[in-house]
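The exercises below are to be worked with the sequence and the three-dimensional model at hand. Each consists of a task followed by a solution in steps.

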Amino acid sequence: MDVRYVNPFITATCNTFQAMCATPVTVGKPEVKTGEDPSSDVSAIIGFSGDATGAVVLHLSFDTAAKTATRFAGMEIDPEHPDFADALGELADMVAGGAKDHFEGLNINISLPSVVVGKAHSVSASKSAPRLIIPCKTDLGSFSVEVGMVMDRAPARIKKLEATGAMS
Amino acid sequence: MKILLVDDSRTIRNIQKSVLMQLGHNDIVEASDGLEALDQYKRESPDLIFIDWNMPNMDGITLVRKIREIDKNTPLIMCTTQAEKSRVLEAIKAGVNNYVVKPFMTESLAEKITQTMEKAKATATAG
Ligand SMILES: [Mg+2]
């Protein structure tokens, strides 16, 4: 995966958490995912199709996921709550939608969210290109954003990014 | 004023509802996809409709076109994660009156509602 394509996901993650959860995101150095999948308790997945193929996944622990969902929804949401998966799926939707806005000239469709909930599971994509893991930290806890994306053609240009403090 | 909220995410509908209630709107009905929304639209005759784009069964853009086939007037606000200019244009062409990109700040949501209703009122009086 072209590392230039990772920046839009960083920007979208920062914007989403700032707007919906009122917390800034500190972004670590993105790394290529190797070997074993990192395990997480909650994985919120959005797939891409059209001019780009792949997926973006938010990986969270139960604790971070519950705190994040609670802040987002403005009411107590624990992993047993019927809206727990819904809230995290919608955040992933916003990250995916925000990121795809930066790939100008490409027609990319995003899937409906899928949310996997289960202690220390892993999510593996069988045939997607090398995937990148973006470590993130907010005042609600740490999580990571996994991105695997292959463009069928290069975007006309990648929109100028707002300063996120990442990749500098 | 009756408002119909159409979004497959209950979390989003709840957030929209709390903003609307803060603005003094308490007459709110909901639907979680386009098909359910069409039913609600016919049954409830809402004065304003919020429409998400990505939903199962019938997506928001299809819903907008279906409503506009039979109703040119009811104000429609698209509220979606789809932010590209091409999508905004597609939605406007289909007949939406306003467009809100998720993630949204609650203040900007409130502003768009006021804006949309004022414009709709002005058009109605002019007509
Ligand atoms: Mg949706």
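Donors are N, O and S atoms within 2.8 Å of the metal (3.2 Å for Na, K and Ca); because water is not among the atoms, sites may look incomplete. This is a predicted model, in which local features need pLDDT of at least 70 and side-chain atom pairs count only at pLDDT 80 or more, while totals for chains, interfaces and linings use all residues. Residues are numbered from 1 along each chain as its sequence is written, chains are lettered from A and ligands numbered from 1 in the order in which they are written, and side-chain values use heavy atoms, with hydrogens and water left out.

**Exercise 1. The metal site**

Task: Identify the protein donors of the magnesium ion and state how the donor residues are spaced in sequence.

Solution.
Step 1. The magnesium ion has as protein donors B:Asp8 (OD), B:Asp52 (OD) and B:Asn54 (O), at 2.1 to 2.3 Å.
Step 2. Read along the sequence, the donor residues follow the spacing D-x43-D-x1-N.
Step 3. B:Asp52 and B:Asn54 are both buried, where buried means under 20% relative accessible area, exposed over 50%, and partly exposed in between (1.4 Å probe, protein chains only).

**Exercise 2. Salt bridges within a chain**

Task: Determine how many salt bridges the whole structure holds over all chains, and locate the partners of A:Asp139 and B:Lys2.

Solution.
Step 1. A salt bridge is a side-chain nitrogen of Lys or Arg within 4 Å of a carboxyl oxygen of Asp or Glu. The search of the whole structure yields 13 of them over all chains.
Step 2. A:Asp139 pairs with A:Arg71 at 3.4 Å, N to O. A:Asp139 sits in the loop between strand E8 (132-138) and strand E9 (141-151) of chain A, and A:Arg71 in helix H2 (residues 62-73) of chain A, 68 residues apart. Helices (H or I, at least four residues) and strands (E, at least two) are DSSP runs, numbered from the N terminus.
Step 3. A:Asp139 is exposed at 53% relative accessible area, whereas A:Arg71 is partly exposed at 34%.
Step 4. B:Lys2 pairs with B:Glu44, with 2.7 Å between the closest N and O atoms. Because B:Lys2 lies in strand E1 (residues 2-6) of chain B and B:Glu44 in helix H2 (residues 34-44) of chain B, the pair ties together parts 42 residues apart in sequence.
Step 5. B:Lys2 is buried at 19% relative accessible area, while B:Glu44 is partly exposed at 21%.
Step 6. Shared partners join the salt bridges of A:Glu90, B:Asp7, B:Asp52 and B:Lys102 into one network.

**Exercise 3. The interface of chains A and B**

Task: Describe the contact between chain A and chain B by its residues, its buried area and its salt bridges.

Solution.
Step 1. Contact means heavy atoms within 4.5 Å. Chain A contributes 23 residues and chain B 20 residues.
Step 2. The two chains bury about 1,700 Å² between them, 53% of it on carbon and sulfur atoms; buried area is the accessible area (1.4 Å probe) that two parts lose on being put together, summed over both.
Step 3. Across the interface there are 3 salt bridges. One of the salt bridges found joins B:Arg10 to A:Asp83, the closest N and O atoms being 2.6 Å apart.
Step 4. A:Glu90 meets B:Lys102 in a salt bridge at 2.8 Å between the closest N and O atoms. A:Glu90 lies in helix H3 (residues 84-100) of chain A and B:Lys102 in the loop between strand E5 (98-101) and helix H5 (106-126) of chain B, so this pair joins two chains. Both residues, A:Glu90 and B:Lys102, are buried.

**Exercise 4. Backbone features of chain B**

Task: State which peptide bond is cis at B:Pro103, and give phi of B:Asn57.

Solution.
Step 1. The bond from B:Lys102 to B:Pro103 is cis, with omega near 5 degrees. B:Pro103 belongs to the loop between E5 and H5 of chain B.
Step 2. B:Asn57 has phi near 65 degrees, a positive value in a residue other than glycine. B:Asn57 is placed in the loop between E3 and helix H3 (60-70) of chain B and is exposed, at 63% relative accessible area.
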